[in-house]
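Thanks for coming, everyone. I would like to walk you through one model this morning, so please have the sequence and the structure open while I talk.

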Amino acid sequence: MPDEPRIISPSRLTAVSMLAQNTVLSIVGQALPLLIGLAVTPFIIRRLGEDGFGILSLGWSILTLSLVFNLGLGRATTKYAAEYLVREETEKLPPLFWMSVVMNISIGLVGTILVAGISVLLVKSGVLKIPAALDADAEAMFIWIAFAIPFTFVTTTLRGMLEAGQHFREINFAKLIFNTAVFVLPALAMYFKANLLTIGLLLALSRVAETLTYFRLCFFK
């Protein structure tokens, strides 16, 4: 296992052409998955039903809103890493990187316990108006999504290091794939008549794959 994240030349950070290119790539990386999501959502609703889609929508929301509890570690990593690169203090990057990773794992594990516990409690208590036939699948889906939280948090550190070095081409290619997967995987699951548990598992595995992808981008050219 490598000891240091990939070091980026400070000369890349200030080029106007690179900033313009990165802006375009960011827009594409954000917009295209949403368009794909709009295209496949009617199919998911037809196969999953309104109640099932409501549960899936809540799962999507948990994945997104869980980042609120990340305490901004990813953005802080980007800020300090960029400053170190500009000042050519690259020896400070590895300690920053690993400290952020460890903190994200720690906070993410707490998030997993809280989200899984609260989700199961809400389902069992009837606070969430879920049909009885979907109770077990909904609980399992929420648990799988909770499992993905530490990976989601660690990804913010990995992406933050890449953003500091202006590696937006790699970032947006990865974003395009994994943000699209959020919509495409449930659609594929519905095509094969799978259930919410399977969807939750696929979404969790997608987050694991995303973390591994960013890890490789950080350490290997």
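How many helices and how many strands does the protein chain have? The chain has seven helices and zero strands, and, read from one end of the sequence to the other, its pattern is α-α-α-α-α-α-α. Please keep in mind throughout that this is a predicted model, and that the values I quote are computed from it.

Let me begin with the chain as a whole. Of its 221 residues, 47% count as buried. If we take the contacts with a separation of 6 or more, 83% of them are between residues 24 or more positions apart in the sequence.

Now to the interior. Which residues of the largest nonpolar core touch the most other members? This core has 30 residues, and the ones in question are Ile-44, Leu-56, Trp-60 and Ile-199. Helix 1, helix 3, helix 4 (135–147), helix 5, helix 6 and helix 7 each contribute at least two residues to this core, with helix 1 giving the largest share, nine residues. If you would like one residue to look at on your screens, take Ile-199, which touches Leu-48, Leu-56, Pro-186, Ala-189 and Met-190, leaving aside residues up to four places away in sequence. Apart from the largest core lies another core, of 20 residues, and among them are Val-154, Leu-162, Ala-164 and Phe-178. As general background, nonpolar side chains in soluble globular proteins tend to be buried together.

Next, the pockets. The largest pocket holds about 620 Å³ of space, and it is lined by 26 residues, with Thr-64, Leu-67, Arg-159, Asn-179 and Arg-207 lying nearest its centre. Five elements each supply at least two residues of that lining, namely helix 1 (16–65), helix 2 (73–86), helix 5 (149–164), helix 6 (168–191) and helix 7 (196–219), and the largest share, seven residues, comes from helix 1. In character, the lining of the largest pocket divides into eight nonpolar, twelve polar and six charged residues.

The second largest pocket has a volume of about 340 Å³. It is lined by 18 residues, and the closest to its centre are Ile-62, Phe-69, Gly-111, Leu-114 and Val-115. Here the elements that give two or more residues to the lining are helix 1, helix 3 (93–125) and helix 5, and helix 3 gives the most, with eight residues. How do the residues of this second lining divide into nonpolar, polar and charged, and what are the counts? There are 14 nonpolar residues, four polar ones and no charged ones, whereas the lining of the largest pocket, as I said, includes six charged residues.

That leads me to the charged side chains, where the count comes to seven salt bridges. Lys-79 forms one with Glu-83, the closest N and O atoms being 2.8 Å apart. Why are these two separated by about one helical turn? They are four residues apart in helix 2, and so about one turn lies between them. Lys-79, at 43% relative accessibility, counts as partly exposed, and Glu-83, at 28%, also falls in the partly exposed class.

A second salt bridge joins Glu-89 and Arg-87, at 3.2 Å from N to O, and Arg-87 counts as partly exposed because its relative accessibility is 44%. A further pair, Lys-124 and Glu-139, meets at 3.4 Å, N to O, and this pair links distant parts of the chain, with Lys-124 in helix 3 and Glu-139 in helix 4, 15 residues apart. Are these two partners buried or exposed? Lys-124, at 62% relative accessibility, counts as exposed, whereas Glu-139, at 16%, counts as buried. Finally for this topic, salt bridges that share partners join Arg-87, Glu-89 and Lys-92 into one network.

I will finish with a single glycine. Gly-117 lies in helix 3, and it is classed as partly exposed because its relative accessible area is 41%, a value between the 20% and 50% limits of that class. Gly-117 and Ala-146 are 29 residues apart in sequence, and their C-alpha atoms are 9.2 Å apart in space.

Methods. Residues are numbered from 1 along each chain as its sequence is written. This is a predicted model: local features need pLDDT of at least 70, side-chain atom pairs count only at pLDDT 80 or more; totals for chains, interfaces and linings use all residues. Side-chain values use heavy atoms; hydrogens and water are left out. On a 1 Å grid over the protein atoms alone, a cavity is a set of points where a 1.4 Å probe fits but cannot get out, and a pocket is an open set with protein on both sides within 12 Å along at least five of seven lines; lining residues have an atom within 4 Å of a point. Grid points are joined across faces, edges and corners, and a volume is the space filled by probe spheres set on the points. Ala, Val, Leu, Ile, Met, Phe, Trp, Tyr, Cys and Pro count as nonpolar, Asp, Glu, Lys and Arg as charged, and the others, Gly among them, as polar. A nonpolar core is a set of buried Ala, Val, Leu, Ile, Met, Phe, Trp, Tyr and Cys residues joined through side-chain atoms within 4.5 Å. Buried means under 20% relative accessible area, exposed over 50%, partly exposed in between (1.4 Å probe, protein chains only). Contact means heavy atoms within 4.5 Å. A salt bridge is a side-chain nitrogen of Lys or Arg within 4 Å of a carboxyl oxygen of Asp or Glu.
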